[in-house]
Amino acid sequence: MIFLDYASATPVSKVAKKAMEPYFSEKFFNPSAPYLAAKRVRDDYEAAKADLAHIIGAKGDDLIITSGATEANSLAFSAASGEILVLETEHASVLKNSKNFDTKFIKVDQTGLINLEDFQEKLTKKTTFISVALANNELGTIQPLAEIAGIIKAERQRRLLEGNTLPLIFHSDASQAMSLVPISVARLGVDLLTINSAKVYGPKGVGALYQGHQVKLRPLAEGGGQEKGLRSGTENVPGLIGFAAAAREAKEHQNGARKNYEELRNILKSELEKSEIQPIFLGSKKHQLANFCPVCFPGVDAERVIYNLENDEIYLSTGAACAASKGEQSHVLKAIGLSDAEITGSLRISLGKDNTKEAMKVAGQKIVEAVKKELQFSR
């Protein structure tokens, strides 16, 4: 098997799995129970939360543990009101939450990078909330969050001078970027940050939201008051333990992983380029996650290519898994100006730590064969 859809899911690492195992059976206690064994589990839970927070330059008390990035994004939007700004290429969980507000969408260029002029034009004295992902989940394009934060800071200062007391909150979904980009909430200048275990070789069903001290959130559901009353329900202890272990491992190997993915991506690109199928590589050459290789073959039915590749146990996708499963056309590819034919012929290839150089050569050759077959079929 050659798996090329790590943007949708990553296998749980051996380190994370080993860290989690005791908490399924031996240390199964409810952290809120009063006896010593449960209190020890509580201590382990809080230590893992502090460890996870440290990775993004925060403290344990700054994190709310959730069931994943979608819930974390929804919780972040509880701080929004009135007029908000959202990048037009955001994940569906952000776009759907934005429908509850007076939303203006920030444009991107043909590589998926934010149009800062458009952002500044749409940022008004009434804007209360801004959401821009650190890295896009279809193109891998990395956004200049620190620069965006600088613009937001200047707007806050203007408001202060004018006596405008409206909040201006900056949220970012860093789910795709966490394993490959150094993250510091202070350097990025964010007030809210979403992170996701399932993208860093941790277990699925666990995520977290960083909450800056000045941000007020409202719970999405009421209950026992866990996670500062913002996320009630018995804590997912093994999930958090695994998340923290996986995130720590990813951070330790971040530089080496980036170099490895760049090499693997170059091999794959070379295999695609040396044929006559004329691939068009998408996203930003300078500002892209090292494991992303989105590519377009105009005039080809990418879904048929995927089905043919599956017969050779090569797995990739046409875009975000949640959109692809519904047969929806990618709003991200529309936003960067691709035609319908180009969108139909686009593949999202994302690499992971189990990929090898030989696998990249084989995958490249098989993709070329599948694309050629489709081109002949379409004629």
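## The open sheet and the helices around it

Seven strands form an open sheet in the order E2-E8-E7-E6-E5-E3-E4, and their pairing is mixed. At the edges stand strand E2 (63-66) and strand E4 (102-106), each of which pairs on one side only. On average, neighbouring strands of this sheet are turned by 20° against each other, direction ignored. The model described here is a predicted one.

**Pairing within the sheet**

Strands of a sheet pair through backbone hydrogen bonds, in either a parallel or an antiparallel manner. Both senses occur here, as the following table shows for three pairs of strands.

| Strands | Sense | Bridges | One facing pair |
|---|---|---|---|
| E2 and E8 | antiparallel | 4 bridges | Leu63 and Tyr210 |
| E7 and E8 | antiparallel | 5 bridges | Asn196 and Gly207 |
| E5 and E6 | parallel | 3 bridges | Ser131 and His171 |

Strand E8 (207-211) deserves separate attention. Is this strand mostly covered or mostly open? E8 is mostly covered, for 5 of its 5 residues are buried. In a regular strand the side chains alternate between the two faces of the sheet. In E8 both faces are covered: Gly207, Leu209 and Gln211 are buried on one side, and Ala208 and Tyr210 are buried on the other.

**Helix H2 on the sheet**

Helix H2 (residues 36-55) packs on the sheet, where it touches E2, strand E7 (192-196) and strand E8 (207-211). The direction of H2 makes about 110° with that of E2. With 20 residues, H2 reaches 29 Å from its first C-alpha to its last, close to the 28 Å expected at 1.5 Å a residue.

Which residues of H2 are buried? They are Ala38, Val41, Tyr45, Ala48, Lys49, Leu52, Ala53 and Ile55. Seen down the axis of H2, these buried residues fall within an arc of 155°, so they line one face of the helix. Their cover includes E2, E7, E8 and helix H8 (237-252). On the other side of H2, Leu36, Arg40 and His54 are exposed. Gly57, which follows H2, has a positive phi near 75°.

**Helix H9**

Helix H9 (residues 254-273) also has 20 residues, which should span 28 Å at 1.5 Å a residue; its end C-alpha atoms are 28 Å apart, and the two values therefore agree. The buried residues of H9 are Gln254, Ala257, Tyr261, Leu264, Arg265, Ile267, Leu268, Glu271 and Leu272. Around the axis they cover an arc of only 160°, which puts them on the same side of H9. Asn255, Lys259 and Glu273 are exposed on the other side of H9.

**Helix H6 and the loop before it**

H6 lies across E5 and E6 and runs at about 165° to E6. The loop between strand E5 (127-131) and helix H6 (145-162) contains Gln143. Why does Gln143 count as buried? The relative accessibility of Gln143 is 4%, and a residue counts as buried when this value is under 20%. Leaving aside residues up to four places away in sequence, Gln143 touches Leu87, Gly112, Leu113, Ile114, Val132, Ala133 and Leu134.

Definitions and conventions
Residues numbered from 1 in each chain as written. Predicted model: local features only at pLDDT ≥ 70, side-chain atom pairs only at ≥ 80, totals over all residues. Heavy atoms only, no water. Helix = DSSP H or I, 4+ residues; strand = E, 2+ residues; numbered from the N terminus. Buried < 20%, exposed > 50% of the residue type's maximum accessible area, 1.4 Å probe, protein only. Contact = heavy atoms within 4.5 Å. Pairing = 2+ DSSP bridges. Axes fitted to C-alpha atoms, helices over the stretch in contact; angles between N-to-C directions. Expected span 1.5 Å × (residues − 1). Arc of directions from axis to C-beta.
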